[in-house]
Amino acid sequence: MTDAIHGAKAPAASARSGPVSSLYRAVWRWHFYAGLLILPFLITLSITGAIYLFREEVDQLVHADFMTVTPVAEQRLAPSEIIATALAAEPGRAVKYTDPATDTRSAEVTVQPETGGRMAVYVNPYSGKVLEVRGDRSTFAWTVRYLHSFRYFGATPRKVIEIVGGWSILMVLTGIYLWWPRGQGGGVVTVRGKPGRRVFWRDLHAVSGIVVGGFLVFLAITGMPWSSVWGAKVNQWANGNNFGYPSGVRVDVPMSGTRLDDVAKTAWSLEQAQIPETAPPEAGTPAVGLDAAVAEFDRLGLHRGYTVALPSGPTGVYSGSVYPDDLSQQRVVHLDQYTGKPLLDMGYADYGPLGRWLEFGINTHMGQTFGVLNQIVLVLVCAGIVALSVSAAVMWWKRRPSGSLGVPPLPSDKKVFTGLFVLLGVGGVLFPLTGMSLLAMLVLDLTWQRVTARRAI
């Protein structure tokens, strides 16, 4: 969003009193800065996010050769046999077994070789045929997810998520102020003109912005849990103090130093949760084995498609976890590897109020809460955000002065910045990285103002 976007409204604002015009210009200037920083990221996030909404469908299409199998009645292999087959194809240590989500899905075994990263082995659970051996989390859906979260680019670039999220909220709030009709008839909920005219792009930006603005704020806030600063702090606050598990859950069992997120796919609220430990067994006590553990998980009613993290040593546990579209079915169960009894069994209902709200937001953000309708609405929202961003860029390009960036003019009354900076400061406290970027932009803006003033002398 740029100065060009709302240029058509500037005369209306100028016709009013000085303070109103000055406030308009101040808001306009920071709306421009917000757009300048995040529009490319919004387009990238919208495109990758729209694709990821249909991750299951796309993966089944792209990887049908090793993800889809033909079921054979009463011929399914035991989990231990599937793992043995996987290890024959990819030697190493089996660390995780993923139960097929449906009868037509292959089983997945995660293997840690002696050297190198983890590998995923896909096995036909009926015939035992190894269908594929590839890097762990290397499917199309995982690739899109890592692109969407900037995880491919390391820890530091992932902080951009928080900055973009905070600036997105700022952009929407300032955009609503600039959109407000103020007696204007056209360009409020209708798009005038044709694509070749500036008014078309201005109206397209204004209308698409007011339609998707609320959704954009929702996506920004629900995307924040994945940020490295804000997300980590809120995660700690939401989980309470019981080794990362929500407060009130009985966790008076010995805990290891391993996090649940290190061994299995888990809900955001439990990423920092530590894995329980099995009490040291008596000499010669045998472990129950994977087959018995899987049978117990089935008896306990875990939703199909759950993963089982295997014990990493004599005090390890079998950790079964599943996070399907239905929030009520989210669950993690840790079994003693010698007795097969649950050490901890927890579901969505056991989360604290903040954890439940955050998980609901995350689930909806990923297109899971309301089924296909959720996916369709968010795809349309993503398309609207792209239209919002592209129309902003086109309008800026058409209206920018030759050889200039086209920053909106300073307000005549500098006092209007006081209230605006207070609001920016509050946002900066809530979202630390956004606050730091706001401060940096403020310093650059003030510096630029002084340089410009000196040139004018």
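## The sheet

Two strands count as paired when DSSP finds at least two bridges between them. In this predicted model, 8 strands form an open sheet on that basis. Their order is β4-β3-β2-β1-β7-β8-β9-β10, and the pairing is antiparallel. Strands β4 (130-135) and β10 (342-347) are the edges. Each of these two pairs on one side only. Between neighbouring strands of the sheet the average turn is 20°, direction ignored.

Strand β3 covers residues 119-123 and runs antiparallel to β4. The two are joined by 5 bridges. Within this pair, V123 of β3 stands opposite V130 in β4.

## Helices on the sheet

Helix α5 (residues 79-89) packs on the sheet. It touches β1 (93-98), β2 (107-112), β3 and β4. The direction of α5 makes about 130° with that of β1.

Helix α11 (residues 290-300) also packs on the sheet. Its contacts are β1, β7 (307-309), β8 (317-322), β9 (331-336) and β10. Against β9, the direction of α11 makes an angle of about 140°. Strand β1 is touched by α5 and by α11.

## G213 in helix α8

Helix α8 spans residues 198-223 and holds G213. Is G213 buried or exposed? The cut-off for buried is under 20% relative accessible area. G213 has 4% relative accessibility, so it counts as buried.

Leaving out residues up to four places away in sequence, G213 touches V172 and S208. T156 is 57 residues from G213 in sequence. In space, the C-alpha atoms of G213 and T156 are 28 Å apart.

Notes:
Residues are numbered from 1 along each chain as its sequence is written. This is a predicted model: local features need pLDDT of at least 70, side-chain atom pairs count only at pLDDT 80 or more; totals for chains, interfaces and linings use all residues. Side-chain values use heavy atoms; hydrogens and water are left out. Helices (H or I, at least four residues) and strands (E, at least two) are DSSP runs, numbered from the N terminus. Axes are lines fitted to C-alpha atoms, for helices over the stretch in contact, and angles run from 0 to 180 degrees between N-to-C directions. Contact means heavy atoms within 4.5 Å. Buried means under 20% relative accessible area, exposed over 50%, partly exposed in between (1.4 Å probe, protein chains only).
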